[in-house]
Amino acid sequence: MTSACHTVEPDAISGATHRRRIPIAYWLLLPGMAWLLLFFVVPFYSLIATSLYDPQGGVDSGYEMTWHVANYAHAIRDYAGPFARSLLYGGVATVLCLLLGYPLAYAIAFKAGKWRNLMLVMVIAPFFTSFLIRTLAWQLILADQGAIVGFLKWLHILSADGRLLATPVAVVAGLTYNFLPFMVLPLYAALEKIDPSLIEAAGDLYASPVRGFLKITLPLSKAGVVAGTLLTFIPAAGDYINAQLLGNTQTRMLGNVIQDLFANVGDYPAAGALSMSLMFLIVGMVMYYIQKVSTDELI
Amino acid sequence: MNVLRKMLDWIGDRIVLITGILVLVYMFIPIFVVVAMSFNVPPSRNVYQFGTFTWHNWLHVCEPYGMCAALARSMEIGLLATLVATTLGTLMAFALARHRFVGRTVVNLFVFLPMTSPEIVMGSSLLALFVAAGLGGQLGFWTILIAHIMFCLSFVVVTVKARLTGMDSHLEEAAKDLYATEWQTFWRITFPLVFPGILGAALLSFSLSFDDFIITNLNAGTTTTFPMFVWSSAQRSIPMQINVVGTVMFAIALLVVLGGELHRRRTKRQLAK
């Protein structure tokens, strides 16, 4: 933020230029904002309308707008299972991402030295190949004949006929893997800003490394934890690729149901109501978190 | 005893680094699998498993029916979406980073919203809009393109804005002091300095568009993009050639990133001389 203020200073000297500049900003924003209004905001209005249509209608015969608020109650009642699973799987995956991502982000920020840039590239490198192809690779890794299942059977963690593929474990593992970079990058951004001398000072004052971490590093990286949690949980809870490719019919998440209702069943009001419910939930979560950390830190 | 003690100390010192490297290895496991699978003949057509080694998949990439057509379509959509999103997003980034105006905070927050909305919600709301507008029967290339430009925009704005705010404004002030016009200052100083940010944003847009599945799948109608081809073949039998495409994508992206890093180091060294 400080550098942004820097650029204004020359204008502040001559008030005339400042006043002349104002309209230009609006012109620069116009095309992009128009696109976002038309294809991000207006669609929400359409979705809310769809979620309140009379469920008696159909895709072909058309729907009537009847302010059918009951759609929400019905959708949540009928699909309570997928709704709960979305929150549960998304939540567990987010916690796992935090547990895996924090040491990695910490190592890159403080321990990597000249390898820092290389490690950062390696964090985003999995993104270089397709999400679907990577998830299919997990199908192979977790397969019944695969090495991991064999090893777990040898350890007797899995029973002789136990499997990983087509279980909730595989879905959560896939979600954790796919969204880990979304956790690591904001954590790294927050940790990198911490002055290492603060941590050294804690050590000089006879704080144990663990105490130093809990009292200094962790609180200072709070913005990164919050941003990482949101950026991981939001796409994980809305995802249906992992549930479809790594799970079974008992692991269907909200995304699977919404996609199915739109594309195959053709029940638009129920799909709309489910979609909006997920959005309300996430907006509530974001608002709650933003109260805890100021927006400037998040963005 | 002493040796063991030393070993434990050595590990204790590096425990965080070791954990970090293990996590990185975990992130790379599927990439290794994808590369290995690109040289694989599965034991039978419907089994996604390691069988025997072959060059066949690399020599006959376009063999699976419809794969290369889907690939070409994804590239076309990716390039067009990148072009539009990068242009519109860069303009917005300049407005947000270089100008003070009423409503700036609101715009900043607004740009942030698409990045925090789940894809399934954005995809279904766009579908609801297209259907309400009577375009339900015309879903395809254009509706996919519209959607891709929409979700790429925010990422462009954020990337270019970060570059602009991190830039040293003294160079531009110096140019103005030396009687450069605003136009000259922009093209000779500002633009070359922001360009790496714009290029990065364009690469990010292309990969986001190229890889998108959830939003595309809802708004594609009967049009098939590459991720949609992978998805539909995952329900039947998976051609090994998709792993060739995955490997090539990975290699190209890696070359671009490493090339950029080398270029950055060379210019830095030249400047130091």
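Among contacts in chain A between residues at least 6 apart in sequence, what share join residues at least 24 apart? It's 69%. Keep in mind as you look around that this is a predicted model.

Let's stay with chain A for a moment. If you trace its backbone, you'll find 15 helices and zero strands. Chain A has 299 residues, and 42% of them are buried.

Now hop over to chain B. Here you'll meet eleven helices and two strands. Walk along the sequence and the elements come in the order α-β-β-α-α-α-α-α-α-α-α-α-α. So how spread out is chain B? Its radius of gyration is 24 Å, while the globule rule gives 19 Å for 273 residues; the value for chain B is well over that, so the chain is more spread out than a compact globule. You can get a feel for this by turning the model: along its principal axes, the C-alpha trace of chain B spans about 80 × 70 × 35 Å.

What about the inside of chain B? Of its 273 residues, 40% are buried. And if you take the contacts in chain B between residues at least 6 apart in sequence, 77% of them join residues at least 24 apart.

Time to zoom in on a pair of helices. Two packed helices are described by the angle between their axes and the distance between the axes. In chain B, try helix 6 (residues 141–165) and helix 8 (residues 182–211): their axes come within 9 Å and cross at roughly 155°. Because of that angle, helix 6 of chain B is roughly antiparallel to helix 8 of chain B. The crossing of these helices is right-handed. Which residues do the touching? On helix 6 of chain B they include F151(B), F155(B), V156(B) and R163(B), and on helix 8 of chain B they include I198(B), G200(B), A201(B) and L204(B). Sorted by class, this helix-to-helix contact has twelve nonpolar, six polar and one charged residues.

Finally, step back and see how the chains meet. The contact between them takes 71 residues from chain B and 77 residues from chain A. On the side of chain B that touches chain A, the largest share comes from helix 1 (residues 2–37) of chain B, which supplies twelve residues. That side of chain B has 48 nonpolar, 17 polar and six charged residues.

Technical notes: Residues are numbered from 1 along each chain as its sequence is written. Chains are lettered from A and ligands numbered from 1 in the order in which they are written. This is a predicted model: local features need pLDDT of at least 70, side-chain atom pairs count only at pLDDT 80 or more; totals for chains, interfaces and linings use all residues. Two residues are in contact if their C-beta atoms, placed from the backbone, lie within 7 Å. Helices (H or I, at least four residues) and strands (E, at least two) are DSSP runs, numbered from the N terminus. Ala, Val, Leu, Ile, Met, Phe, Trp, Tyr, Cys and Pro count as nonpolar, Asp, Glu, Lys and Arg as charged, and the others, Gly among them, as polar. The radius of gyration is taken over C-alpha atoms; the globule rule is 2.2 Å times the number of residues to the power 0.38. A residue is buried if 20 or more other C-beta atoms lie within 10 Å of its own, exposed if 12 or fewer, and partly exposed in between; C-beta atoms are placed from the backbone. Axes are lines fitted to C-alpha atoms, for helices over the stretch in contact, and angles run from 0 to 180 degrees between N-to-C directions. Angles under 35 degrees count as roughly parallel, over 145 as roughly antiparallel, 65 to 115 as roughly perpendicular and the rest as oblique. A crossing is left-handed if the near helix is turned anticlockwise from the far one by less than a right angle, and right-handed if clockwise.
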